[in-house]
Amino acid sequence: MADHHTHVQDFFTARAADWDTRFPDDAPAYAAAVEALALRPGDAVLDAGCGTGRALPALRNAVGPQGTVLGADLTPAMLQTAVRAGRDRSGRLLLADVARLPLRNASLDAVFGAGLISHLAHPGPDLAELARVVRPGGQLALFHPIGRAALAARHGRRITDDDLRAEPNLRPLLARSGWRLDSYTDEDARFLALAVRAD
């Protein structure tokens, strides 16, 4: 686990300063994904693995001033970039591992995770930890601003059958972790899997 955390932190620390400039046109995709969660004013939502906090303004708009917006990330440099961008005004930033969240059971209405699943050390238990902090009937959005094929092409790779984000893999993984996959979109312009916390 420590090795995995070090690897993730090293990867993102090296990229934190220019992360937002590498992906300058993603804001509308983030906003559309947040909209798909159908959050209500006053809701409590976590951006798990929030990085530089690009989803936080959209999440704040969705839950309003009375809602609770949290952003948790493992990498201090990413959170520092979020603060420099002023995104800490949209939500409270937590230096935390999404596998061990400092939150009460069933304290949230939803979790948003952009690009999260490929960085989880133990996807099943880690998704179960996200389920722990969400009330029954609450939601999970697993999002990426481009689809699996486009992302693989960007990295000079092909999609493989063992890709966790493939629907035949993701659906049972979520089910074992306390979630029910409700909708699944994988197209060039967006990857979005929406799941509901099982009772």
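Salt bridges and a cavity in a predicted model

Biologist: In this predicted model, what makes Asp43 and Arg40 a salt bridge?

Modeller: The closest N and O atoms of Asp43 and Arg40 are 3.7 Å apart. The cut-off is within 4 Å, so the pair counts as a salt bridge.

Biologist: Why is Asp43 called buried, and why is Arg40 called partly exposed?

Modeller: Asp43 has a relative accessible area of 6%. Buried means under 20%, so Asp43 is buried. Arg40 has 46% relative accessibility. That value lies between 20% and 50%, so Arg40 is partly exposed.

Biologist: What makes Asp109 and Arg135 a salt bridge?

Modeller: Their closest N and O atoms are 2.7 Å apart, and the limit is 4 Å, so the pair counts. The two residues link distant parts of the chain, with Asp109 in strand E4 and Arg135 in strand E5, 26 residues apart.

Biologist: How do you know that Asp109 is buried?

Modeller: Asp109 has 16% relative accessibility. This is under 20%, so Asp109 counts as buried. Arg135, at 26%, counts as partly exposed.

Biologist: Where do Arg132 and Glu129 lie?

Modeller: Both lie in helix H6, three residues apart, about one turn of the helix. They form a salt bridge, with the closest N and O atoms 2.8 Å apart.

Biologist: Which residues of the largest cavity's lining count as charged, and how many are there?

Modeller: The lining has one charged residue, along with five nonpolar and four polar ones. Arg165 is among the lining residues, and Arg counts as charged, so Arg165 is that residue. The space in this cavity is about 60 Å³.

Technical notes: Residues are numbered from 1 along each chain as its sequence is written. This is a predicted model: local features need pLDDT of at least 70, side-chain atom pairs count only at pLDDT 80 or more; totals for chains, interfaces and linings use all residues. Side-chain values use heavy atoms; hydrogens and water are left out. On a 1 Å grid over the protein atoms alone, a cavity is a set of points where a 1.4 Å probe fits but cannot get out, and a pocket is an open set with protein on both sides within 12 Å along at least five of seven lines; lining residues have an atom within 4 Å of a point. Grid points are joined across faces, edges and corners, and a volume is the space filled by probe spheres set on the points. A salt bridge is a side-chain nitrogen of Lys or Arg within 4 Å of a carboxyl oxygen of Asp or Glu. Buried means under 20% relative accessible area, exposed over 50%, partly exposed in between (1.4 Å probe, protein chains only). Helices (H or I, at least four residues) and strands (E, at least two) are DSSP runs, numbered from the N terminus.
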